[in-house]
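Here is a short report on one protein model. Look at the sequence and the coordinates first, then read on.

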Amino acid sequence: MRDILVAGNWKMNGDTARNSELLAGILAGAPTSDRVKLLVCPPFPYLADVARQIAGSPLQLGAQTVSEHPAGAFTGEVSVAMLRDIGCSHVLVGHSERRSLYGESSSDVAAKFAAAIDGGLRPVLCVGETLAERNAGQTEQVVDQQLNAVLERVGIAAFARAIVAYEPVWAIGTGLTATPQQAQDVHRHIRSVLAAHDADIAEAILILYGGSVKGDNAAGLFSMPDIDGGLIGGASLKAGDFLAIADAAASL
Ligand code: PGA
């Protein structure tokens with residue numbers, strides 16, 4: 001049986017005092033379950049601080065994006081090696097906000113994914129369609145294009161060290177959540193695309209759902225056969241909200 005991963009994407013929120021209160025709350029209330037894993041992805045300036053605060057705890061640390069380059073004259077960028085150096089194990093790549101607000105193409109995302117794999121960070125590859133694409137019946141086509149850009153670049157073997165997050169853009173930060181069945185259909189499709197390359201890797205990979213996951217809808221989503229946890233934005237910023245989702249996962 002696959003683990004359930006509950007990952008918090010803090011986006012551009014928090015400060016030193018609020019982060020430490022949030023982490024103290026999460027650490028105090030995290031469910032003890034072998035199957036449920038927790039990950040937090042704070043903004044860059046706080047990663048090292050958060051790493052110190054969660055040292056020795058089961059909480060894992062990820063960044064929200066990363067450079068595709070190893071080092072050098074790339075002002076403002078942060079490398080995989082730097083993230084590893086300060087204690088990150090994971091990194092989000094291709095979040096829809098990076099794609100839509102910062103112009104990251106699927107080939108940029110594939111390069112970041114490749115850099116993460118090469119440098120020993122576990123990428124969480126975010127894919128998902130807009131409302132217009134869903135209404136036009138293009139959900140699978142969009143997700144395929146986003147996945148295939150990465151598959152073509154790194155090959156299926158790299159997915160043994162990766163996570164996929166299906167995040168319909170229309171559900172992010174909107175309060176609109178995909179129904180468990182809508183999400184399950186896309187998750188099953190993603191797993192079948194990967195299975196066409198390697199059945200064992202497809203069976204083992206965690207596929208998270210993201211988009212307005214809350215304590216009261218998490219259990220319904222996570223109980224679907226191909227949904228292995230959530231990537232949580234808004235509800236990851238309050239310990240009680242995040243723990244309600246972690247508890248829902250632990251109750252399954
Ligand atoms: P949300 O964000 O939970 O606030 O919808 C999810 C995400 O963007 O990862």
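## Overall build

The protein has 11 helices and 8 strands. Its radius of gyration is 17 Å, close to the 18 Å that the globule rule gives for 252 residues, so the protein is as compact as a globular protein of that length. The model is a predicted one.

Along the principal axes, the C-alpha atoms fill a box of roughly 45 × 45 × 35 Å. Of the 252 residues, 50% count as buried. The exposed surface comes to about 10,900 Å². Carbon and sulfur atoms supply 52% of that area. Take the contacts between residues at least 6 apart in sequence: 72% of them join residues at least 24 apart.

## The barrel

The strands form a closed barrel of 8, in the order β1-β2-β3-β4-β5-β6-β7-β8, with parallel pairing. From one strand to the next, the twist averages 25°.

One pairing to inspect is β4 with β5. Strand β4 covers residues 90–93, and β5 covers residues 122–127. They run parallel and share 4 bridges. Leu92 has Val124 of β5 as its bridge partner. Helix α5 (residues 106–119) packs on the sheet here and touches both β4 and β5. The direction of α5 makes about 160° with that of β5. Helix α8 (residues 180–195) also packs on the sheet. It touches β5, β6 (163–166) and β7 (207–210), and its direction makes about 150° with that of β7.

## The β1 and β2 strands

How many bridges join β1 to β2? There are 6, and the two strands run parallel. Val6 stands opposite Leu38 in β2. Asn9 stands opposite Cys41, also in β2.

Strand β1 is largely enclosed by the rest of the structure, because 6 of its 6 residues are buried. Cover comes on both faces. Ile4, Val6 and Gly8 are buried on one side, and Leu5, Ala7 and Asn9 are buried on the other. Strand β2 (residues 36–41) is mostly covered too, with 5 of its 6 residues buried.

## Nonpolar cores

In soluble globular proteins, nonpolar side chains tend to be buried together. Here the largest nonpolar core holds 70 residues. Which of them touch the most other members? They are Phe159, Ile190 and Phe222. Helix α11 (residues 239–250) gives this core its largest share, 7 residues. Another core, of 12 residues, lies apart from it. Its members include Cys126, Ala165, Leu206 and Leu231.

Phe222 has a long contact list once neighbours within four places in sequence are set aside: Ile4, Val6, Val213, Ile227, Gly229, Gly230, Ile245, Ala249 and Leu252.

## Ile245 in helix α11

Ile245 sits in helix α11. Is Ile245 buried or exposed? Its relative accessibility is 0%, so Ile245 counts as buried. Beyond residues up to four places away in sequence, Ile245 touches Val6, Val213, Lys214, Gly215, Ala218, Phe222, Ile232 and Ala235.

One of these contacts spans a gap in sequence. Lys214 is 31 residues from Ile245 along the chain, yet their C-alpha atoms are 6.2 Å apart in space.

## Loop residues

Glu104 is in the loop between α4 (96–101) and α5. This charged residue has 9% relative accessibility, which is under the 20% cut-off, so Glu104 counts as buried. Apart from neighbours within four places in sequence, Glu104 is in contact with Thr65, Gly94, Arg98, Arg99, Val109 and Lys112.

Two other loop residues have positive phi. Lys11 lies between β1 (4–9) and α1 (16–29). Its phi is about 55°, although Lys11 is not a glycine. Ser212 lies in the loop between β7 and α10 (218–222). Phi of Ser212 is near 55°, again a positive value in a residue other than glycine. Ser212 is buried, with a relative accessible area of 10%.

Note on methods
Residues are numbered from 1 along each chain as its sequence is written. This is a predicted model: local features need pLDDT of at least 70, side-chain atom pairs count only at pLDDT 80 or more; totals for chains, interfaces and linings use all residues. Side-chain values use heavy atoms; hydrogens and water are left out. Two strands pair if DSSP finds at least two bridges between them. Axes are lines fitted to C-alpha atoms, for helices over the stretch in contact, and angles run from 0 to 180 degrees between N-to-C directions. Contact means heavy atoms within 4.5 Å. The radius of gyration is taken over C-alpha atoms; the globule rule is 2.2 Å times the number of residues to the power 0.38. Buried means under 20% relative accessible area, exposed over 50%, partly exposed in between (1.4 Å probe, protein chains only). Accessible areas come from the Shrake-Rupley method with a 1.4 Å probe; for residues, only the protein chains shown count as cover. A nonpolar core is a set of buried Ala, Val, Leu, Ile, Met, Phe, Trp, Tyr and Cys residues joined through side-chain atoms within 4.5 Å.
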